[in-house]
Amino acid sequence: MSRSVIAVYSGTFDPITLGHEDVVYRAAQMFGKVVVAVAAAHHKKTMFTLDERMAMAQEVTQDLGNVSVVSFTGLLCDFVHSQSGRVIVRGLRSVTDYDYETQMAGMNRHLAPEIDTVFLHTSASVQHISSTLVREISTLGGQVEGLVSPSVFKALQSKR
C-alpha cells in the first residue's frame, strides 16, 4: 500500500471497540492518512450521540498522527471523494461480515469505480467483539472491560 493514499474507515462506532481500534491502528500503518468517518446514523437508534461517538473515536486514536476523525452523512463514496480518499477500509470478523461487506463494496464500486475497498481481518484476540454486543452486555450490567478502551468503558458506565 502507498503511504500517500488517503483511506477512509467508516462506521457508527456506537461505541468504538477494541476491534475497531485494531483496524484503525493497522490501517494507519498501511496508508498515509486514515480518516475515521463517524456516520451520523439517522436510520439507527444509537446509544451515544454523534458528538459522544466522535469524542470517543478521537480519544482512542489521539496517538496516531496520521488519523483524523470526521463525521459524515449521505453516501460513503461521496464522503470519500470529499476527503480526497482513494480507499475504503472495512474490518472483517466472520463470514457473515464478509457477505455483507462484499455486497457493499460492490455497490460502492458501482457508484465510484475509482475507489477501492480493502478488507482487514480483525486480529484473533478481538474477533468476537461487536458494538451491538458491547452495548447489550453493558446495558444489562455485564462486564465489558477488555472489549473497549478505558475511556469508552467509562462512557458506557455513565449510560447505565
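Helices here are DSSP runs of H or I with at least four residues, strands are DSSP runs of E with at least two, and both are numbered from the N terminus. Everything below comes from a predicted model.

**View A. The loop between strand 1 and helix 1, with Phe13 and Pro15.** Pro15 sits in this loop, and the peptide bond leading into it from Asp14 is cis, with omega near 0°. Phe13 belongs to the loop between strand 1 and helix 1 too. Its phi is positive, about 50°, although Phe13 isn't a glycine. With a relative accessibility of just 2%, Phe13 counts as buried.

**View B. Helix 1 and its start.** Look at the beginning of the helix: a side-chain oxygen of Thr17 comes to within 3.2 Å of the backbone nitrogen of Gly19. From there, the 13 residues of helix 1 span 19 Å from first C-alpha to last, close to the 18 Å expected at 1.5 Å a residue. Its buried residues are Gly19, His20, Glu21, Asp22, Val23, Val24, Ala27 and Ala28.

**View C. Strand 1 beside strand 2.** The two strands run parallel, and 6 bridges join them. If you want a spot to start from, try Ala7, which stands opposite Val34 in strand 2. Strand 1 is largely enclosed by the rest of the structure, because 5 of its 6 residues are buried.

**View D. Arg90 and the backbone of Ser10.** Arg90 is part of strand 4. A polar atom of its side chain lies 2.6 Å from the backbone oxygen of Ser10. The cut-off for buried is under 20% relative accessible area, so Arg90, at 17%, counts as buried.

**View E. The largest pocket.** Its volume is about 1,200 Å³. Of the 44 residues lining this pocket, Ser10, Gly11, Thr12, Lys44 and Arg90 are the closest to its centre. Strand 1 (6-11), helix 1 (18-30), strand 4 (87-92), helix 4 (95-111), strand 5 (116-121) and helix 5 (131-139) are the elements that give two or more residues to the lining. Helix 4 gives the most, with 8 residues. By type, the lining splits into 18 nonpolar, 18 polar and 8 charged residues.

**View F. Ser84, in the loop between helix 3 and strand 4.** Helix 3 covers residues 76-82, and Ser84 is in the loop between that helix and strand 4. Here's another residue that is not a glycine but has a positive phi: Ser84, at about 60°. Ser84 is exposed, with a relative accessible area of 57%.

Methods:
Residues numbered from 1 in each chain as written. Predicted model: local features only at pLDDT ≥ 70, side-chain atom pairs only at ≥ 80, totals over all residues. Heavy atoms only, no water. 1 Å grid on protein atoms, 1.4 Å probe; cavity = no way out; pocket = protein on both sides within 12 Å on 5 of 7 lines; lining within 4 Å. Points joined across faces, edges and corners; volume = space filled by probe spheres on them. Nonpolar A, V, L, I, M, F, W, Y, C, P; charged D, E, K, R; others polar. Expected span 1.5 Å × (residues − 1). Buried < 20%, exposed > 50% of the residue type's maximum accessible area, 1.4 Å probe, protein only. Polar contact = N/O pair within 3.5 Å; in protein donor to acceptor, adjacent residues only side chain to side chain. Pairing = 2+ DSSP bridges.
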